[in-house]
Amino acid sequence: VRRGKGAEKQFRLVCKECDLPVGYRDGDSDNFNHTYILTGAIENSTNVKTMTDAELVSYTRRVLREAEANAKELARDAYVAKVRRKVETEEQTKVKAEKLE
């Protein structure tokens, strides 16, 4: 992360149970200057593991791919439901027309 005239290296902290980001540490991996925890992010600090920027990028990409796949599945399901409703409506109209004959 760029800060002022330099850059800050961050080591992300994520929940071991759900992999959600909960905070980060700055400095280098052997000598952390500060640890920052997101407000309300954790209840028990033993459930925290570190995540490098590269790991966070990989995690974020995976989550986005999963969200995109879920959105495509929902869109497909909505389309199938729409086609089914159209077919049912057409069948009902045909039945009504046959009754009138």
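Mentor: A helix is a DSSP run of H or I with at least four residues, and a strand is a run of E with at least two; both are numbered from the N terminus. In this predicted model, V87 has its place in helix α1.

Trainee: How many helices and strands are there in the chain?

Mentor: The chain has one helix and six strands. Read from the N terminus, the order of elements is β-β-β-β-β-β-α.

Trainee: What makes V87 count as partly exposed?

Mentor: Buried requires under 20% relative accessible area and exposed requires over 50%. V87 has 36% relative accessibility, so the residue falls between these limits and is called partly exposed.

Trainee: Which residues form a nonpolar patch with V87 on the surface?

Mentor: The patch consists of Y79, V80, V83 and V87, and together these residues have about 320 Å² of accessible area. A residue enters such a patch with over 30% relative accessible area and no salt bridge. The 36% of V87 is over the 30% limit, so its accessibility meets that part of the rule.

Trainee: Why is the pair of D19 and R62 called a salt bridge?

Mentor: The rule asks for a side-chain nitrogen of Lys or Arg within 4 Å of a carboxyl oxygen of Asp or Glu. For D19 and R62 the closest N and O atoms are 3.8 Å apart, and this value is within 4 Å, so the pair is called a salt bridge. The bridge links distant parts of the chain: D19 is in the loop between β3 (10-15) and β4 (21-28), while R62 belongs to helix α1 (residues 53-100), 43 residues apart.

Trainee: What is notable about the phi of D19?

Mentor: D19 is not a glycine, yet its phi is positive, at about 65°.

Trainee: How do you know that R62 forms a salt bridge with E66?

Mentor: Their closest N and O atoms are 3.5 Å apart, and the limit is 4 Å. The distance is within the limit, so the pair qualifies. R62 and E66 are both in helix α1, separated by four residues, or about one turn of the helix. R62 is partly exposed at 34% relative accessibility, and E66 is also partly exposed, with a relative accessible area of 40%. Salt bridges with shared partners connect D19, R62 and E66 in one network.

Trainee: How many salt bridges does the structure hold?

Mentor: The structure holds four salt bridges. One of them joins R76 to D77, with closest N and O atoms 3.4 Å apart. D77 has 37% relative accessibility and is therefore partly exposed.

Trainee: Why is there no disulfide between C15 and C18?

Mentor: A disulfide is a covalent bond between the sulfur atoms of two cysteines. Here the rule requires the two sulfur atoms to be within 2.5 Å. The sulfur of C15 has that of C18 as its closest cysteine sulfur, at 3.6 Å, and this is too far for a bond. C18 is likewise in no disulfide, as the nearest cysteine sulfur, in C15, is 3.6 Å away. The count of disulfides is zero.

Trainee: Are C15 and C18 buried, partly exposed or exposed?

Mentor: C15 has 13% relative accessibility, which is under 20%, so C15 is buried. C18 has 42%, which lies between 20% and 50%, so C18 is partly exposed. C15 is placed in strand β3. The C-alpha atoms of C15 and M51 are 9.9 Å apart, although 36 residues separate them along the chain.

Trainee: What makes A54 count as exposed?

Mentor: A54 has 58% relative accessibility, and exposed means over 50%, so the name applies. A54 is in helix α1. From A54 to R12 the separation is 42 residues in sequence and 9.7 Å in space, C-alpha to C-alpha.

Trainee: What percentage of the 101 residues in the chain do buried residues make up?

Mentor: Buried residues account for 14% of the 101 residues. The chain exposes about 8,500 Å², of which carbon and sulfur atoms supply 51%. Among contacts between residues at least 6 apart in sequence, 38% join residues at least 24 apart.

Conventions
Residues are numbered from 1 along each chain as its sequence is written. This is a predicted model: local features need pLDDT of at least 70, side-chain atom pairs count only at pLDDT 80 or more; totals for chains, interfaces and linings use all residues. Side-chain values use heavy atoms; hydrogens and water are left out. Buried means under 20% relative accessible area, exposed over 50%, partly exposed in between (1.4 Å probe, protein chains only). Patches are made of residues with over 30% relative accessible area and no salt bridge: like charges are joined within 9 Å, nonpolar side chains (Val, Leu, Ile, Met, Phe, Trp, Tyr) within 5 Å. Accessible areas come from the Shrake-Rupley method with a 1.4 Å probe; for residues, only the protein chains shown count as cover. Contact means heavy atoms within 4.5 Å.
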